[in-house]
Amino acid sequence: MSIFYIYGMLFKKLSLALSVGLLLPVAGQAYFTQNDAGQEVFSFMNTFDGPRNTALEKSAGAMPSTDPTITQLNPASLILPEGKHHMAEAHWQTGDFADNQGSLSYTGHYDKYLLQVTYNWLDYGSIDGYDEYGEATGKDYEPFSQLTTATVAFPMKHFRFGATLKFASDRLADDEGDRTALGLAFDWGITWQSESKLFGLALAARDFGCILRDYVDDGEEAYYPMAQAFILSGYMRPRALPRLVLFTSTEFPRFAEPFLNLGGEYTLGNSFFARVGFSRTWLDLYRDATELMASSSRPDETNRAHMISAGLGYTNDLFSVDYSFSYLAQGLGQEHRLGLRFNF
C-alpha cells in the first residue's frame, strides 16, 4: 500500500468530517427556529409527567426505571420490576394551570418486548368567555385535552431502544364552526449504561408529528407541527455516595429556547426516596450569570414556567407511591402530583 493511497484516504475522511462539521451548524440554524416560538401546537402533551419525573424536572431520561411515566422522557428507559410481569399506574395532579389532570397506564411484556398503553386527560375547568374587545360574553368554556399513547421497548444488556406513538385531541370551544383538533406524533429513544451501572447516556426525540385536523371547520386544514425536541441526558452514581444518583439533560426544542434540567435522587433505607430537580433555559442561565457578575438588576423574566421541584417516594414489592411539589417561576403558582403504582 503506497503512502499516496494512505494520504488520499486520510484526506477523504478529513474532508467528510469537515463537511459534516460545516453543515451541522447550518442545518441546526435552519431547523431550530427559536424566533418562531408559538408555531407548535398541542404543548399540553409535555405536561403529563408523573411525580418522579416532575420532582427530578425531566432530567432522569437516561436511567432505566420501573416508573411507567419514564416513557414521557425516553421510551427506551422503561423496565419492569424484577420478577414482575405487569404494572398498573395512575397519577393525578392539580395546580394553577389545570383544574383536573391525570394519567392511567398499563405495562406488560411480550417475549422480550415491553408494551405500554396510557390515557392522559387535562381538564382546564370553566373559563369565562370574552369577545375581541375584552368584553364578557356571558358564556363559559370548558376546554379539554386528551392524549393516548402506545409504547414498545426492547431492553438489552447495555443498550435499550424504545418508541412511542401518540394520538392527541384538543377541544377549545364549542362555538359554531369550532371542533376538536386531532394530532399524531412519534417519540423514539436509545439508552446506554456502563458495565458498572455507575453512569449512562441517552438520546431521545419527542413529539415529531403534526396536527391532522385543525380547530376550525372552514374547509381547509392547517398542518401545524408539534414541539419536536431532541434530548441529550445522562446519569451518574458517585462512588463515594452510592445511594445518590445525579441526573442531567439538555432539551433542544425546535420552536423554543434550549433548556437544562438537573436532578438528584437519594435512597433512604431500602424503600424511601428523596428527590429534587431544577430547570432553566440556557438563555436564562446566561442572564442570571451576567446579573451576578455585573451586580446589577435585570427584568424578572423567564422562558420556562417550571423552575424547582421536590418529591418523595416509597416502593415495595407490590406497590409504589410518589409525590411531587413544583414551584413555578414569576409567581405562576405551584403544582402538586400524586401517583400510585401496582406491580404484579
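Let's start with the charged pairs: in this predicted model, the count of salt bridges comes to 15. Side chains of opposite charge can pair when their charged atoms come close. Three of these pairs are worth walking through one at a time.

Take Arg 52 and Glu 265, which form a salt bridge with their closest N and O atoms 3.1 Å apart. Arg 52 sits in helix α2 (residues 51-55) and Glu 265 in strand β12 (residues 259-268), so this pair ties together parts that are 213 residues apart in sequence. Are the two partners buried or exposed? Arg 52 has a relative accessibility of 7%, so it counts as buried. Glu 265 is also at 7%, and it counts as buried too. The pair doesn't stand alone, either: Arg 52, Glu 265, Arg 275 and Asp 322 are linked in a network of salt bridges.

Next up is Lys 84, which forms a salt bridge with Asp 317, with 3.2 Å between the closest N and O atoms. Here both ends are in loops: Lys 84 is in the one between α2 and β1, while Asp 317 is in the one between β14 (306-315) and β15 (319-328), so the pair ties together parts that are 233 residues apart in sequence. Why does Lys 84 count as buried? Its relative accessibility is 15%, and the cut-off for buried is under 20%.

Now look at Lys 139 and Asp 174, whose side chains meet in a salt bridge at 3.6 Å, N to O. Lys 139 belongs to strand β5 (residues 136-141) and Asp 174 to the loop between β7 and β8 (181-193), so to speak two distant parts of the chain, 35 residues apart, linked by the pair. Lys 139 comes out as partly exposed, at 32% relative accessibility. Asp 174 is exposed, with a relative accessible area of 56%.

With those links in mind, step back to the whole chain. Its secondary structure comes to 3 helices and 16 strands. Of its 344 residues, 41% are buried. If you count contacts with a separation of 6 or more, 53% of them are between residues 24 or more positions apart. The accessible surface is about 18400 Å², and carbon and sulfur atoms own 64% of that.

For a close-up of a buried spot, try Ser 324 in strand β15. Its relative accessibility is 0%, so it counts as buried. What is Ser 324 in contact with, once its neighbours within four places in sequence are left aside? The partners are Pro 51, Thr 54, Ala 55, Ala 310, Gly 311, Glu 335, His 336 and Arg 337.

The backbone has something to show as well. Glu 57 lies in the loop between α2 and β1, and its phi is near 50°, a positive value in a residue other than glycine. Glu 57 is buried, with a relative accessible area of 2%. Lys 58 is in the loop between α2 and β1 too. Phi of Lys 58 is near 60°, again a positive value in a residue other than glycine, and Lys 58 is buried, with a relative accessible area of 14%.

Lys 58 also leads us to the cavities, as it helps line the second largest one. How many cavities of 30 Å³ or more does a search of the whole structure find? It finds 3.

The largest holds about 100 Å³ of space. Its lining has 17 residues, and those nearest its centre are Thr 71, Gln 72, Gln 116, Thr 118 and Asn 120. The elements that give two or more residues to that lining are β1 (87-95), β2 (98-110), β3 (113-123), β6 (144-155) and β7 (159-171). By class, the lining has 3 nonpolar, 12 polar and 2 charged residues.

The second largest cavity has a volume of about 70 Å³. Alongside Lys 58, its lining includes Gly 61, Leu 73, Asn 74, Arg 206, Glu 251 and Asn 261. Three strands each supply at least two lining residues: β9 (199-213), β10 (229-236) and β11 (244-253). Sorted by class, this lining has 3 nonpolar, 5 polar and 3 charged residues.

Notes. Residues are numbered from 1 along each chain as its sequence is written. This is a predicted model: local features need pLDDT of at least 70, side-chain atom pairs count only at pLDDT 80 or more; totals for chains, interfaces and linings use all residues. Side-chain values use heavy atoms; hydrogens and water are left out. On a 1 Å grid over the protein atoms alone, a cavity is a set of points where a 1.4 Å probe fits but cannot get out, and a pocket is an open set with protein on both sides within 12 Å along at least five of seven lines; lining residues have an atom within 4 Å of a point. Grid points are joined across faces, edges and corners, and a volume is the space filled by probe spheres set on the points. Helices (H or I, at least four residues) and strands (E, at least two) are DSSP runs, numbered from the N terminus. Ala, Val, Leu, Ile, Met, Phe, Trp, Tyr, Cys and Pro count as nonpolar, Asp, Glu, Lys and Arg as charged, and the others, Gly among them, as polar. Buried means under 20% relative accessible area, exposed over 50%, partly exposed in between (1.4 Å probe, protein chains only). Contact means heavy atoms within 4.5 Å. Accessible areas come from the Shrake-Rupley method with a 1.4 Å probe; for residues, only the protein chains shown count as cover. A salt bridge is a side-chain nitrogen of Lys or Arg within 4 Å of a carboxyl oxygen of Asp or Glu.
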